[in-house]
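Trainee: I am new to aromatic pairs and symmetry. Can you show me how to read them here?

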Protein chains: 2
Amino acid sequence: MKKIQGGVCAPIGFKANGVHCGIRKNKTKRDLSLIVSDARAAAACVYTQNLVKGAPILVTKKHMADGYASAIVCNSGNANTCNENGEEIAEQMCGLVADAAGISANDVIVASTGVIGQPLSLDPIREGMPSLVSGLSEEGSSLAAQGIMTTDTIPKEIAYSFQLGGKECHIGAIGKGVGMINPNMATMLIFITTDAAISHAMLQKALSADVKDSFNMVSVDGDTSTNDMVAVLANGCAGNEPVIAPGKDFNAFRKALNKVTTYLCRKIAGDGEGATKLLECKVTGAKSKAAARTVAKSVIKSNLFKAAMFGADANWGRVLCAIGYSGADVDITKVSVDFRSRAGELAVCRNGSGIPFSEEEAKKILSEKEIEILIGLDDGSGKATAWGCDLTYEYVKINGDYRT
Amino acid sequence: MKKIQGGVCAPIGFKANGVHCGIRKNKTKRDLSLIVSDARAAAACVYTQNLVKGAPILVTKKHMADGYASAIVCNSGNANTCNENGEEIAEQMCGLVADAAGISANDVIVASTGVIGQPLSLDPIREGMPSLVSGLSEEGSSLAAQGIMTTDTIPKEIAYSFQLGGKECHIGAIGKGVGMINPNMATMLIFITTDAAISHAMLQKALSADVKDSFNMVSVDGDTSTNDMVAVLANGCAGNEPVIAPGKDFNAFRKALNKVTTYLCRKIAGDGEGATKLLECKVTGAKSKAAARTVAKSVIKSNLFKAAMFGADANWGRVLCAIGYSGADVDITKVSVDFRSRAGELAVCRNGSGIPFSEEEAKKILSEKEIEILIGLDDGSGKATAWGCDLTYEYVKINGDYRT
C-alpha cells in the first residue's frame, strides 16, 4: 500500500471541483463541492443516528436505494435541516447537478453542513452550478475538500494505491469535521472514491464494519450531528476482478479503506474545534471489544480530562473517573494508565492507584501535539482506539456565537 | 413552608463547624467540616454510580448498614480516591471524630472531595480535630458549608420550617459542587439535617425518590464524580409522631425535602465551574416521565448548546440536535422550543422547524443570568426539569490545571 497524491481524484475516472457560489457571505470561502464518476458506481453510505436528520440525509437514502450513484454534491454554510421545505430543496440540488452533468438525479448523493434551521435558498446553487460542473477536473480534489469545510482549519484529503488480484487500485477521500462530533455512526462528512470493482453489497459491508473502529471512535464534543454521513463510490475503472464475496481481495480492500478512514479520524480529531492537541486513547486487556470501545470513548469524551490535556496536566484521576462511569464492566483494581508522546512515555497509575512520577517529565510529554493515553485493563483481550482533542478557550469562542 | 436561617443547624439538636486544618495550602480556605447531632439519628444516603468509588464512600456504606448515624465529617482538598491506603485513612478519620465527640466511629459518615489519586495524610486532620470539635455550635452551618467547598465560588446552605402532624419541624442543608457533575445519582456532596422523626426506611425511600428529579437532573460537565453523596440525618428532636409509613405526613416531609434539594440544584448548576448563567430546561408533553428526563438532560449536557448560551446565541438548532441524539422516543415534527428569562419569552421553533423571531429580542432574553429552555413534545404528559450552566472560557481555565 502506498500513499499517493490526488485525494478523491486519485482513483481512475473521478473528477471534482469546489466553488464559492454565495451560500456563505465570505467570498474567499468555497461553499459548494462536487465529485463525479465517469462510470456509474457501486455506492455505500452510513448516516447519522440522530433522530433529527438533515433533509439531504433523507433524500440521499432514497437515491441510494438501488446501491448505485454517479456523483456527490455538498454545500457548506447551511445544514438544510429543520426547514419545512428541506427535502424539496435537497431534491432540487440533485436535479441541478443531474441537468448540468448529464446524469440521473437519482444517482446523486447530496449533503449539506452548517447552521441548522435556516432555510437554504436554491438561488446561489443554481447560479454556481455551471462553473462548478465546467470546472470539474482530475486536479479538483483539494478544491472539493475546501468547499465542504465549516470550522475546519485545514482541508482534509488522502489517497492510497493498493493491489487487488494483481491490479493496481486506488482509494481516495476528502473529509470535514470539526464540531458536533461524537462517536455514534458517521458523525462527519466523508466522501471516499475508489476505482476498485466491488459489489454494492460488499462495499456496504466493508464500510459498515469499518466505521465501528474508525469514525464511530472519534469525538470532538459529544454532540452527534444531524447531517453527517460517510459515502463511498466504487466505479470499477481499475479493471480488477470484481469483489463479490468475502475472501482475500475483500480483506485487502478493507485494509485499504481502513488506511484512509483512520487517517481522516486522526485529522478530524486533531483539527477539532479549538483543539491544540490530538488525543489517542488506546485500551487493551478489556473483557470484550465492546467494553474496550466503551472505555476508550468515555475517556476521550470527558470534558474534565480534555481540559486537563489542554493544560498539559497529568491528572490521571480523571481518566480513572471516566473509566468508572463509562458503563463498561471493568475491574478498577487492575487498571493501569500511561501517557506517551514523542517526548517519552510515563506510567502514572498501576492497579487502580497512583504511583510516583516526575511532574516535570509529565509536563514535557503532555506538551506535545499528539498524546497517547494507554489504558490497560488486564482482564481479557479486547482492544480499541478512540480519537479526540483537548477542550480549549477557542472551542468556547467558536461555539459561543457560531451563527454570526 | 417557610424559608429560615441556619442551614444544617436550623433543625433542633444539630451543631456544625468548619476549620482550616492544613490539607489545603491556602490558609484562608477551610478544609475540614463536621456536623453532629445531639441524638443518634435515622440516616439515609445515595452514592455516586461511578465504578471508581472514593474510599470514604466505601467506609460510609459500611457505617450506614444499620441505618443510623450521629455525625458527618468531610474534608476538601483531597478526594482520598485511588489511593492504596484510602479506606484505612477514611476509617481513621471517623475514629478521630468518634474519640473527640464521644460517639461511635460506626455512627460517622465520612466524605472527601478534591484531587483524585494523591495520598491523604491524617496528620492535619488529627491536628485540626480538637478545634473542629470544640468549635461546634448552632451557628456553625456556614463554616461547615465553607469547609466542603472546592471550586465553588459561594457557600451553599438553605433551611425551611414545615409542619408534620401539627408539630413544627425543620430541615436544613449544605452542599458543594461544582465540577465533575453529571446526572447519574448523587453527583455532589449534600448534607441534609432534619429534626423530624422519621424511620430510616422511610427516610431512604424519600431520598431515593427525590434525587431522581433533583440531583440526578443537574449537569455541569457530564463527568460523574467518584466521591459524591447525599446524606440525610433525621434526629427526631421536633417531637412529631414518627413517620413510619406512606401517607400525609410522609408526603409533607417529601415536599419539604424537595424544597431544599431543588434550591441546591439551582445553586450548584448556577455556580457550575466557570458558569455565567443558570440554565433550566423544562420538558413537557413527553411520552413518559423517563423520556422527559432523558430529553432534558441531553439538552442541558450539550457542549454546543452550553457554549451558545454563553454567547447569548439563540441557536435552537442545537436544542433540536440534542433532543435527536438523546435516545428518547420523540416525534421531532411535533417539537416546540421557547426561551424565557426575566427579560421576556420567545418562541423559536414550532413543529420541529424554525419560525421567524427577532434576534435582538433573543439576545436580550439570553443575556440574563437565569435562562429557561421550554421544550414541548406534544406527545403525552411526561414532564421533567434539568439544571445546568453555560460552557465558558473560565471552565477550561479552571480545569486546564486544577492540581496546581
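Mentor: Start with two rings in chain B: Phe162(B) and Phe253(B) are both buried (under 20% relative accessible area; exposed is over 50%, partly exposed in between; 1.4 Å probe, protein chains only). This is a predicted model: local features need pLDDT of at least 70, side-chain atom pairs need 80 or more, and totals for chains, interfaces and linings use all residues. Residues are numbered from 1 along each chain as written, chains are lettered from A and ligands numbered from 1 in the order written, and side-chain values use heavy atoms, without hydrogens and water.

Trainee: How many aromatic pairs are there over all chains?

Mentor: A pair of aromatic rings is described by the distance of the centres and the angle of the planes. Rings of Phe, Tyr and Trp (its six-membered ring) pair with centres within 6.5 Å; planes under 30 degrees apart are stacked, over 60 edge-to-face, the rest tilted. The count is five over all chains. Among them, Phe310(A) and Tyr393(A) are edge-to-face, at 5.4 Å and 85°.

Trainee: Are Phe310(A) and Tyr393(A) buried or exposed?

Mentor: Phe310(A) is partly exposed, at 23% relative accessibility. Tyr393(A) is also partly exposed, at 33%. Back in chain B, Phe162(B) and Phe253(B) form a tilted pair, at 6.2 Å and 55°.

Trainee: Which residues form one aromatic cluster?

Mentor: Phe310(A), Tyr393(A), Phe310(B) and Tyr393(B) do.

Trainee: What turn lays chain A on chain B?

Mentor: Copies are superposed by least squares on C-alpha atoms of residues with pLDDT of at least 70 in both. Here the turn is 180°, with a shift of 0.0 Å along the axis and an RMSD of 0.0 Å. The two copies are thus related as by a two-fold rotation axis.
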